[in-house]
Amino acid sequence: MAIDTDRVQKLFDSLEAQKTLLTSCTKLYKTISDHFSSIQNSLSQKANSLDSKFQALESDSNKTLESLYQRENSIPELESSAVARIEEHKEAALSELEKSVPENAQLSECLKSYCRKMDSSGLLRFMVSKRKESMSLRSEIVSAMEESVDSARLVLDAVEEFVSQKSGKVGIPDKRWACGMLMQALFPAAEMGGKKASRPAFAGSVVERAARVAELWKGKMGDGGEGSMIGPTEAAMFMQMVAGFGLKPKFDEEFLRKQVLEFASRRDMPKLAIALGFGEKIGDIIDELVKSGKEIEAVYFAFESGLTERFSPVSLLKSYLHNSRKNATTILKNGNHSTAAAEESGNLQLNSIKSIIKCVEDHKLEAEFSVDSLRKRATELEKAKMERKKSTAGAGKPPNKRSHGGGSGRGGGPSSAFRPAKAPKFSHSAYPSFGRRNPAPPPHHSPAGRYSVPFSYPVQGVYDGPAPPPYASSTYGGPHPQTAAIPQQHYSLSGGDDMGAGGMRATGSYGGQTSYNPYDYTAAAAAAAAPPPTYHTQ
């Protein structure tokens with residue numbers, strides 16, 4: 001009997017396939033069972049967590065409701081306590097206002113008393129009376145202003161009083177100083193500028209009033225720039241007020257820019273410029289400062305604005321030093337190396353060197369810019385200045401009136417004592433108001449102005465006054481008022497230097513005058529025969 005192996009083999013293959021399928025189904029079932037078990041456990045845990053949270057929430061709600069119930073019951077008691085406390089503070093404030101500060105009270109107590117009363121006028125008067133104690137005032141004024149109800153209104157009251165009285169001439173500088181200290185206390189310059197600087201918030205009514213005061217102030221300042229009618233301190237006060245109260249949109253940006261450029265020498269001006277929002281335009285401002293010869297100010301602006309890579313401080317300092325030396329040499333050359341020209345040139349160099357040294361020390365540039373040679377040069381200039389003072393101090397102060405003795409040249413022929421007497425008389429007329437004279441020559445002149453004589457006396461350096469403003473014309477040849485006894489003389493200047501009132505150089509130096517004509521002894525002899533003239537002094 002034959003066995004069909006193919007059918008047996010097919011049977012076994014079918015059984016093997018069913019076995020594999022059964023194994024796969026078993027594994028899948030187990031996987032599904034495990035998955036559902038995991039889901040069930042997770043849901044159970046979450047349900048338990050939710051139950052516990054609900055219980056905690058219910059407990060917290062009960063506690064909160066209980067606390068609210070207790071606070072609600074305590075409101076009447078708190079109201080009565082607050083009313084009593086308000087009445088107590090009210091009585092204390094009224095008694096403080098009625099109480100006068102004793103004369104022997106401490107400085108801080110006096111300042112706090114004026115601030116509590118919001119008495120800006122009294123505060124200004126007190127600060128002016130204590131100006132000699134400025135260091136103590138500066139340290140106490142900040143804490144005192146914290147005692148005021150509204151420190152911004154207190155400062156605005158003081159500034160408005162100062163601005164309204166600017167047309168007067170009495171006490172204005174003192175009030176300007178006091179208002180500047182109050183403004184500095186309200187808006188510290190050290191906190192202005194920089195990326196993280198924040199401006200204090202003020203009520204809209206306070207800002208509007210500040211804008212009105214600033215507009216009134218601006219009307220008394222001119223157009224800004226070189227035509228400004230205020231000084232650096234007042235300009236910084238104005239800029240501080242505009243920056244502090246956020247008033248820049250109310251003013252022309254060009255006006256504020258002119259103020260920054262004109263008074264860039266103020267050490268707080270870089271911070272104020274940044275506080276005013278000139279951050280992106282600081283580079284242009286620094287360019288203009290460099291072009292106008294203010295390299296030192298440019299260095300401070302560059303450090304404050306972080307533009308030292310664009311504007312190298314060392315290069316700016318070297319340029320400033322080179323220009324100052326060049327200007328000093330020009331002054332000496334134009335002044336024919338006279339005593340006055342040497343004094344002016346030395347002062348220019350000395351001030352420039354001191355400014356450079358101060359700038360280097362402020363920004364710690366000693367490693368990049370050595371100042372040892374500058375210190376030695378400053379010492380030499382100081383010694384030369386002292387020697388010039390010693391050489392001129394021996395001459396003494398010249399007499400106001402010419403002597404009427406026999407040696408004065410009156411009633412006789414010309415004498416040797418007549419000519420030297422003219423130099424002190426002329427010098428005296430130019431001192432001490434050399435920089436404040438009017439452009440027109442005064443109606444009375446000393447005798448030295450009536451004779452053409454070389455003006456080179458050794459005492460002239462003592463009477464170098466401040467520089468008068470330059471004038472357009474450089475020729476002064478008009479006739480002077482003369483007495484009937486002395487013939488009229490002229491002196492003409494052929495140079496191109498700017499001349500101030502009275503024919504002096506605009507730099508305040510005598511060395512730049514051109515030579516006068518030779519002395520006319522014949523005219524002097526004829527004048528001596530006439531009756532003695534009457535000289536007027538002012």
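Which residue forms a salt bridge with Glu161, and how far apart are the closest N and O atoms? The partner is Lys175, and the closest N and O atoms of the two residues are 3.2 Å apart. The model in which this pair is found is a predicted one. Lys175 belongs to helix H6 and Glu161 to helix H5, so the salt bridge ties together parts that are 14 residues apart in sequence. Both Lys175 and Glu161 are buried.

## Salt bridges

Side chains of opposite charge can pair when their charged atoms come close. In this model the count comes to 18 salt bridges. Three of them are set out below.

| Salt bridge | N to O distance |
|---|---|
| Lys175 and Glu161 | 3.2 Å |
| Arg388 and Glu343 | 2.6 Å |
| Glu382 and Lys354 | 3.3 Å |

Arg388 and Glu343 meet through their side chains, with 2.6 Å from N to O. Arg388 is part of helix H15 (residues 372-393) and Glu343 is part of helix H14 (residues 339-362), so their pair ties together parts that are 45 residues apart in sequence. Arg388 has a relative accessibility of 18% and therefore counts as buried. Glu343 has a relative accessibility of 17% and likewise counts as buried.

A salt bridge also joins Glu382 to Lys354. Glu382 lies in helix H15 and Lys354 in helix H14, so this pair ties together parts that are 28 residues apart in sequence. Glu382 is partly exposed, with a relative accessible area of 31%, and Lys354 is partly exposed as well, with 44%. Elsewhere, Asp157, Glu160 and Arg209 are joined into one network by salt bridges that share partners.

## Helix H8 and its surroundings

Helix H8 covers residues 232-244. At 1.5 Å a residue, its 13 residues should span 18 Å, and the end C-alpha atoms are indeed 18 Å apart. H8 is mostly covered, since 11 of its 13 residues are buried. The buried residues include Glu234, Phe238, Met241 and Gly244. What do the buried residues of H8 pack against? They pack against helix H5 (151-164), H6, H7, H9 and helix H10 (269-275). After H8 comes Gly246, whose phi is positive, near 65°.

Is Glu234, a residue of H8, buried or exposed? Its relative accessibility is 1%, so Glu234 counts as buried. Leaving aside residues up to four places away in sequence, Glu234 touches Phe162, Lys166, Arg176 and Trp217.

## Aromatic rings

A pair of aromatic rings is described by the distance of the centres and the angle of the planes. The model holds 8 aromatic pairs. In one of them, the rings of Phe202 and Phe245 have centres 4.9 Å apart and planes at 40°, so the pair is tilted. This pair links distant parts of the chain, 43 residues apart: Phe202 is in the loop between helix H6 (172-186) and helix H7 (204-219), while Phe245 is in the loop between H8 and helix H9 (253-262). Phe202 counts as partly exposed, at 24% relative accessibility, whereas Phe245 is buried, with a relative accessible area of 3%.

Trp217 and Phe238 form an edge-to-face pair, with 5.5 Å from centre to centre and 90° between the planes. Trp217 lies in helix H7 and Phe238 in helix H8, so the pair ties together parts that are 21 residues apart in sequence. Trp217 counts as buried, at 0% relative accessibility, and Phe238 counts as buried at 0% also. Together with Phe162, Phe251 and Phe255, these two residues form one aromatic cluster.

Two charged side chains also lie over ring faces. Lys248 lies over the face of Phe278, at 4.6 Å from the ring centre, and Arg267 lies over the face of Tyr300, at 4.0 Å from the ring centre.

## The nonpolar core

The largest nonpolar core has 89 residues. Those with the most contacts inside it are Met127, Phe238, Met241, Phe245 and Phe301. Helix H6 gives the most to this core, with 9 residues. Met127 touches Leu111, Leu137, Ile141, Trp177, Ala178, Met181 and Leu182, again not counting residues up to four places away in sequence.

Conventions
Residues numbered from 1 in each chain as written. Predicted model: local features only at pLDDT ≥ 70, side-chain atom pairs only at ≥ 80, totals over all residues. Heavy atoms only, no water. Helix = DSSP H or I, 4+ residues; strand = E, 2+ residues; numbered from the N terminus. Buried < 20%, exposed > 50% of the residue type's maximum accessible area, 1.4 Å probe, protein only. Contact = heavy atoms within 4.5 Å. Phe/Tyr/Trp six-rings, centres within 6.5 Å; stacked < 30°, edge-to-face > 60°. Lys NZ or Arg CZ within 6 Å of the ring centre and 35° of its normal. Expected span 1.5 Å × (residues − 1). Core = buried A, V, L, I, M, F, W, Y, C linked by side-chain atoms within 4.5 Å. Salt bridge = Lys/Arg side-chain N within 4 Å of Asp/Glu carboxyl O.
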